[in-house]
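Biologist: Before we discuss the labels attached to this model, could you put the sequence and the structure in front of us? I would then like to go through the terms one by one and hear the reasoning behind each.

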Amino acid sequence: MTTFSKKYEPEIFEREIYKMWEAENCFSPKPSTSGKTFYIPIPPPNVTWVLHLGHALTLTLEDIMVRYHRMIGDETLWVPGTDHAWIATQARVEKMLAESGITRQSLGREAFLEKIWEWKNKYGNTITNQMRQVWASADWSKERFTLDSWLSKTVTDAFVDLYNKGMIYKGEYMVNYSPWLNTVISDQEVIYKEEVGKLYHITYFVSGSDNEVVVATTRPETLLWDEAVAVHPKDKRYKALLKWGKKLILPILNREIPLIGDEMVDMEFGTGAVKITPAHDPNDFEVAKRHSLPLDNIVVGKDGNMTSKAWIFAWQDYQTARENIVELLKSKGNLVKVENYTHKVGYCERSGSRIETIISTQWFVKVEEMAQKVIAWYKKKEFEIIPERFNKIFEDWIYNLRDWCISRQLWWGHRIPAYYHKETWEMVVSKEDLSLTGEYIRDEDVLDTWFSSGLWPFSILDFDFEAKTQSELFNKFYPAQVLETGHDIIFFWVIRMLLFWYEFTNQTPFKKVYFHGLIKDKHGKKMSKSLGNGIDPLDMIEKYSADALRLTVSVWNTPGNDLKFDEDNVMENKVFINKLWNATRFVYTNLFEKSSYTIDSYETLEKRILENYDTLMFHEKWILSRLKSISDQVNMGMEKFNFSEVGIELQNFTKNDFCDYYIEEFKIVRETSQFGNDVIIYAINNILKLWHPYIPFVTEELWNKIGFEGKLIETEYSKVALRADKEIEKDKQILIEVIREIRNLRAENNIMPSTPIKVELKVKKAKLELFSPENINIISWIVKSENTQLVNKASSDTFAYAVTKSGIEIFVDNSNAKDMEGEIERLKGQIDDTKEYIWLLDRKLLNDSFVRNAPPALVRAEMEKKAEAKEKLKKLEEKLEKIQ
């Protein structure tokens, strides 16, 4: 006989169930029974990472989708994997080596890469092991790593293909350089901090006259290679100078530079005149190109030190050079004034070091033509963005893309397949490693990690650039039905995938993009180690269970909205799961321990219920109708990605309808119900199926303990063949209102819960049939009434009174209530408590952030609570008035 513990103890079975699923190959694609496939690529986490709550949210939502589609019969593929994380991994290993006094330069490239691979092989499985521990039902037999040989081949093939089409080029451009990382980084990896610095006003004398132009700058150290001074062509202050083509004298070096007119200049900033240093400012770079000025005179190097072109200031760090140049300007009479100035300074997001903006020779992808393809298909709605409001953000990016710098000055990653002849320095881009010939030297740079990530959705499906016919895996599953990811990487990942795959396959890599929000602490602050508010999901699992954490992040997540994480919610969800455990245990005890019920096949059970539907009791028809309604609602919600709303409704059904009412009713009439056992086993069967995508471990365990056939993970999802009877559901709600009001009257009159009461009901003629002996008996049992009668008038005017929304009048004998003075004090206390409760609900409902970000079902629930509380307050005040 099955051992069924009296309480939910997830630590006993969660790990064992996952091991069983993996050992029995439950996560691999099975032949479709629906005629459809479902494929979703995991956003590959960095190989250096340990699991955080953001991963927990991603994995939960994707696992819900995967389990649902697996159960509805779709051939389902969820491919796991990790990203090589070029900067993070290299930095971690360099730090480790530095502890032994070793640098990567002292080791050399090949030896250093061997050290990284050693580290990866030793520690790189941490994140994937944690993904297993948490819940991911991914097909681990197909696990990929972005530096795997096949994926590396795909990256090389893609690079060569784009280069041969003229869509990858090597050229000079303005880039962001991180001195600490010693590499170029993208615009999106730069964070800007407001700082109070200095604004230097410097005189540039007009050549051949006594006139002067005053320029304001925050970086006087770069003036040594100013190529011009620019003013707005419509600025009246400088029209004459522009008209006569006057030149200016560059301070310190005393060489002539042109005064140019360009609409880029803001006439309201400073003096309306700006120095143009093309090699150190993106705007200056564009101005220089328009006016054919020299572009490549770099005065501040990648390391933040002055270059050999900095005259007597060469090799000084930029701060020292700035101080020396300012002193020299002052001595020569060129410094007009210095004032405090608040401005934004760029810093490397990864290292925290100040960014140097310089001109540099790098590799770029031409994106304009590729973007136009994406835009054309976007307008035709070939892929859908969920939620819709992110269309605007997507459009802001896709319509304003600049060429993408893809080269990085690192050693770990996909090395650029460009080769230089040792004698002629002729460059060749090739799929073959020409360095093996001894005649060529390979380019030192590696590719931006987002280049390989952009190829991820189909490189993991074994896409082959050289094959005439693609792999079975690719042909069957591409494109993905959905891409699920955080909204913070729309540009980094989503757009890059679209660019690549419209270019390479002329179709979208995914049909839908579902953006989830970011997880913050319960106060709405970003989680971080420095703030001390980070939460380890593994700690939550250890304390509450994987299922409780899953339920929390899925039910509290709405598409695109940030989630405020509160541990109390995880605890509450563990309590809910315990309730489901106890409900299932009740079914097991009553059907298999106290009697000898035999489970038939689901089809046989459903057929028997359908054939005998008319003979079922009212409450049995009601729970079956509610089961049908919630099953349809869940299936529809899953298809529409309404995971939060579906979860809330399913919780309400399980907790309220099934546990609080139906199970109590089952207890009352079990001996007289012909098909009560069939109905309750049918209900619990479908409830476990409905819940499985959300809380897979406990549902699998309960499924096995009840003795249902097979494994739940491989069972067909809930499809209730019965019809939903809305009239029965409305009538049942009337009975529930009566029960609720009787309970309220008992509490309001301070009648002890264990004290039997007498209840009288005055029912309108149209609803008399609803109050059958069967339903009267159920009401009496639940409210502990020793005598419940239908009346036309109360037998005593002193009876406590209430009326339901549907007009049912209720009279409760309150002769067993406690002393009147005590009752008056109790009512006053209840009135105060209810007023405070309403005030708290008002605060929540008047909070725009809550109303905007909370799941709609949760907002409605709070509004209903307020309406009920106000009605309760009204009755309490009326009762107090009568007593006084």
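Biologist: What is the sign of phi at Asn 750, the residue that comes after α25?

Modeller: The model is a predicted one, and in it the phi of Asn 750, which follows α25, is positive, near 55°.

Biologist: How do you know that the length of helix α25 agrees with its number of residues?

Modeller: Helix α25 covers residues 726–748, and at 1.5 Å a residue its 23 residues should span 33 Å. The C-alpha atoms at its ends lie 32 Å apart, so the two values agree. At the start of this helix, a side-chain oxygen of Asp 725 comes to within 3.1 Å of the backbone nitrogen of Glu 727.

Biologist: Why is Thr 804 called buried?

Modeller: Its relative accessible area is 7%, and because buried means under 20%, Thr 804 falls in that class. Thr 804 sits in the loop between β28 (800–803) and β29 (809–812).

Biologist: Which residues does Thr 804 contact, leaving aside its neighbours within four places in sequence?

Modeller: With those neighbours set aside, Thr 804 is in contact with Glu 737, Val 738, Glu 741 and Ile 810. Glu 737 is 67 residues away along the chain, yet its C-alpha atom and that of Thr 804 are separated by 6.3 Å. In addition, the side chains of Thr 804 and Ser 806 are joined by a polar contact of 3.1 Å.

Biologist: Why does Trp 150 count as partly exposed?

Modeller: The relative accessibility of Trp 150 is 28%, and since buried requires a value under 20% and exposed one over 50%, this residue belongs to the class in between. Trp 150 has its place in helix α7 (residues 149–164), and, apart from neighbours within four places in sequence, it is in contact with Ser 459, Asp 462, Phe 463 and Asp 464. Trp 150 and Ile 460, which are 310 residues apart in sequence, are 8.6 Å apart from C-alpha to C-alpha.

Biologist: What makes α3 roughly perpendicular to α5?

Modeller: Helix α3 (residues 86–98) and helix α5 (residues 109–123) pack at an angle of about 100°, their axes being 10 Å apart. That angle makes α3 roughly perpendicular to α5, because the term applies from 65 to 115 degrees. On the α3 side the contact is made by Thr 89, Gln 90, Arg 92, Val 93, Glu 94, Met 96 and Leu 97, and on the α5 side by Phe 112, Lys 115, Ile 116 and Trp 119. Sorted by class, this contact of α3 with α5 has 6 nonpolar, 2 polar and 3 charged residues.

Biologist: Why, then, is α18 described as oblique to α24?

Modeller: Helix α18 (residues 546–555) and helix α24 (residues 696–706) pack at about 130°, with axes 7 Å apart. This makes α18 oblique to α24, because roughly perpendicular covers 65 to 115 degrees and roughly antiparallel needs an angle over 145. Here Ala 546, Asp 547 and Arg 550 of α18 meet Pro 696, Phe 697 and Val 698 of α24, and the residues of this contact of α18 with α24 divide into 4 nonpolar, no polar and 2 charged.

Biologist: What percentage of the residues of the protein chain count as buried?

Modeller: Of the 884 residues of the protein chain, 56% count as buried, and its secondary structure comes to 29 helices and 29 strands.

Notes
Residues are numbered from 1 along each chain as its sequence is written. This is a predicted model: local features need pLDDT of at least 70, side-chain atom pairs count only at pLDDT 80 or more; totals for chains, interfaces and linings use all residues. Side-chain values use heavy atoms; hydrogens and water are left out. Axes are lines fitted to C-alpha atoms, for helices over the stretch in contact, and angles run from 0 to 180 degrees between N-to-C directions. Helices (H or I, at least four residues) and strands (E, at least two) are DSSP runs, numbered from the N terminus. Angles under 35 degrees count as roughly parallel, over 145 as roughly antiparallel, 65 to 115 as roughly perpendicular and the rest as oblique. Contact means heavy atoms within 4.5 Å. Ala, Val, Leu, Ile, Met, Phe, Trp, Tyr, Cys and Pro count as nonpolar, Asp, Glu, Lys and Arg as charged, and the others, Gly among them, as polar. The expected span of a helix is 1.5 Å times one less than its number of residues. A polar contact is a pair of N or O atoms within 3.5 Å; within protein, one must be able to donate a hydrogen and the other to accept it, and residues adjacent in sequence count only if both atoms are side-chain atoms. Buried means under 20% relative accessible area, exposed over 50%, partly exposed in between (1.4 Å probe, protein chains only).
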